Amino acid sequence: MYASPVELAAVVFSGILAGLAYRCRGIDDSALAEYRQLSDDLHSARETQRGLMPDMPSDIPGIELEAFCRPSSMVGGDFYDVFRVDEKHLGIAVGDVTGHGLPAALLMSLAFGVIRAEAARTLSPARLLERANSILCRSMPHNRFVAVAYAVLDTETKRVMVANAGQIAPYVSRNSTGRVEAVDVYGLPMGICEDADYGETEVLLGEGDRLLFTSDGIVEAVNPDREMYGFARLEADLGLIGGRSCRRILGDMLDRVMDFASGAPAADDMTMLVLGVN
Amino acid sequence: MNEELKIFKKTVSDVGIISLAGDVTSLAEEQINAGFDELAEQGLKKVIFDFTPVSYINSSGIAILIGIINKAKQKGQKLSVAGLSPHFQKIFRMVGLTRFVEVYDSVESALDCKGVNANVCIPG
């Protein structure tokens, strides 16, 4: 039995549609599988990144430390680190790699490792930044850099030496006066200029004083009217924290920033670390 | 936040002025570099970046400007910035950029130090 040309065309057309549907199904399946794999990888990367940032030591007499790091996407470029340099000294780093997402996360891991490795070689934060910068300059891609505030705490004298490679300046909240002071030490972010030099400054912490490190995602948090949280609000809010525990300070400060943002999505990672003397 | 960047170029005697309006982020890299390259090729002695209508510069934006500073240095050109908000004046100081660029409150004050007054506008 012969089919008419119209019937034949209909059969051929149905066959083409069925074939296309089958092939599209294949594409959907493989795209979905790739998406799932990518999603799994990102979750693993997030967990790995979280794992790099340590729990705060709680066994140093008179010292309290708390920190949080909130990436604006699944993984981020912000980081913090606290580690023992020797029996008496603690290294404290708060960093921010340009951008966010996976490229920033990869560079963050690099910066994190370089700082840890170099910290064992010097107690001077400025010299550490110079050495780390020199190494990172050889590895950083075009238009990427790492901003890092790095401090070394003498756990006996409570003297902190601070150096800064392009990070938001740390603030000291003085318990005795209620004053909030920016630690006036600045320098180029790492990864730009191989022979960059850095200065360092001393901060002596007294009973109840707090030293707070932040990334630019905090001061540049915006509300739906595109206003920035900014330095003035940060300083005013820090002026209200006197005497509070470091844990409570972090919670209160994050609440204040999120209240200000009023639901506007974070454009950048947010990191805060508070060092307190009790 | 992501307000698309607009860029306007003009020359005042032997000074180039690049006015930016919008957000300075990684999305603006090509535009800013092209704007600078175009003025730099004219052999101008000094280029002023006017940030007056800019409300946001993220770290990628800072990275773009650092790249421009390097280019200007290679070409022997002086670079100034004008009209930065107090917030970004502070950020520029913190990232050490004030060691490499002159910072002025306005384009007029940046020009005054050069003593030039003619104004030829080239739309971007």
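Student: How much area do chain A and chain B bury between them?

Tutor: This is a predicted model. In it, the two chains bury about 2,200 Å² between them. Carbon and sulfur atoms account for 58% of that area.

Student: Which three residues supply the most of the area that chain A buries against chain B?

Tutor: They are A:Y186, A:R226 and A:F231. Together they supply 28% of what chain A buries there, more than any other three residues.

Student: How many residues does each chain bring to the contact?

Tutor: Chain A brings 27 residues and chain B brings 26 residues.

Student: Now the charges. How many salt bridges are there between chain A and chain B?

Tutor: The count is four. One pairs B:K90 with A:E235, whose closest N and O atoms are 3.2 Å apart. Polar contacts are counted separately: six residue pairs, with both residues at pLDDT 80 or more.

Student: Which helices of chain A supply at least two residues each to the side that touches chain B?

Tutor: Helix 4 (216-219) and helix 5 (230-238) do. Helix 5 gives the most, with three residues.

Student: How do the residues on that side of chain A divide by type?

Tutor: There are 13 nonpolar, eight polar and six charged residues.

Student: On to confidence. Which scores does the predictor give the complex?

Tutor: An ipTM of 0.78 and a pTM of 0.84. Per residue, read the pLDDT. Chain B averages 86, and 90% of its residues score at least 70. Residues 114-124 of chain B fall below 50, yet this stretch has 25 contacts in the model beyond near neighbours in sequence.

Student: Let me try single residues. Where does A:R244 lie?

Tutor: In the loop between helix 5 and helix 6 (246-261) of chain A.

Student: Why does A:R244 count as buried?

Tutor: Buried means under 20% relative accessible area. A:R244 has 18% relative accessibility, so it counts as buried.

Student: What does the side chain of A:R244 reach?

Tutor: It reaches the backbone oxygen of A:L240 at 2.9 Å. A polar contact of 2.7 Å also joins the side chains of A:R244 and A:D252. Leave aside neighbours within four places in sequence, and A:R244 is in contact with A:R210, A:I249 and A:D252.

Student: Is B:S26 buried, partly exposed or exposed?

Tutor: B:S26 is partly exposed, because its relative accessibility is 42% and that class runs from 20% to 50%. B:S26 sits in the loop between strand 3 (23-24) and helix 1 (29-40) of chain B.

Student: Which residues does B:S26 touch, not counting those up to four places away in sequence?

Tutor: B:N58, B:S60 and B:I64. For a distance along the chain, take B:K78, 52 residues from B:S26: their C-alpha atoms are separated by 24 Å.

Student: Last, backbone angles. What sign does phi have in most residues other than glycine?

Tutor: Most have a negative phi. A:K158 is a case with a positive value, near 65°. A:S262 is also positive, with phi near 45°.

Student: Where do A:K158 and A:S262 lie?

Tutor: A:K158 lies in the loop between strand 4 (146-154) and strand 5 (159-165) of chain A. A:S262 is in the loop between helix 6 and strand 10 (270-277) of chain A.

Student: Is A:K158 buried or exposed? And A:S262?

Tutor: A:K158 is buried, with a relative accessible area of 14%. A:S262, at 48% relative accessibility, counts as partly exposed.

How values were computed
Residues numbered from 1 in each chain as written. Chains lettered and ligands numbered in written order. Heavy atoms only, no water. Contact = heavy atoms within 4.5 Å. Buried area = accessible area lost by both parts, 1.4 Å probe. Salt bridge = Lys/Arg side-chain N within 4 Å of Asp/Glu carboxyl O. Polar contact = N/O pair within 3.5 Å; in protein donor to acceptor, adjacent residues only side chain to side chain. Helix = DSSP H or I, 4+ residues; strand = E, 2+ residues; numbered from the N terminus. Nonpolar A, V, L, I, M, F, W, Y, C, P; charged D, E, K, R; others polar. pLDDT = per-residue confidence, 0-100. Buried < 20%, exposed > 50% of the residue type's maximum accessible area, 1.4 Å probe, protein only.
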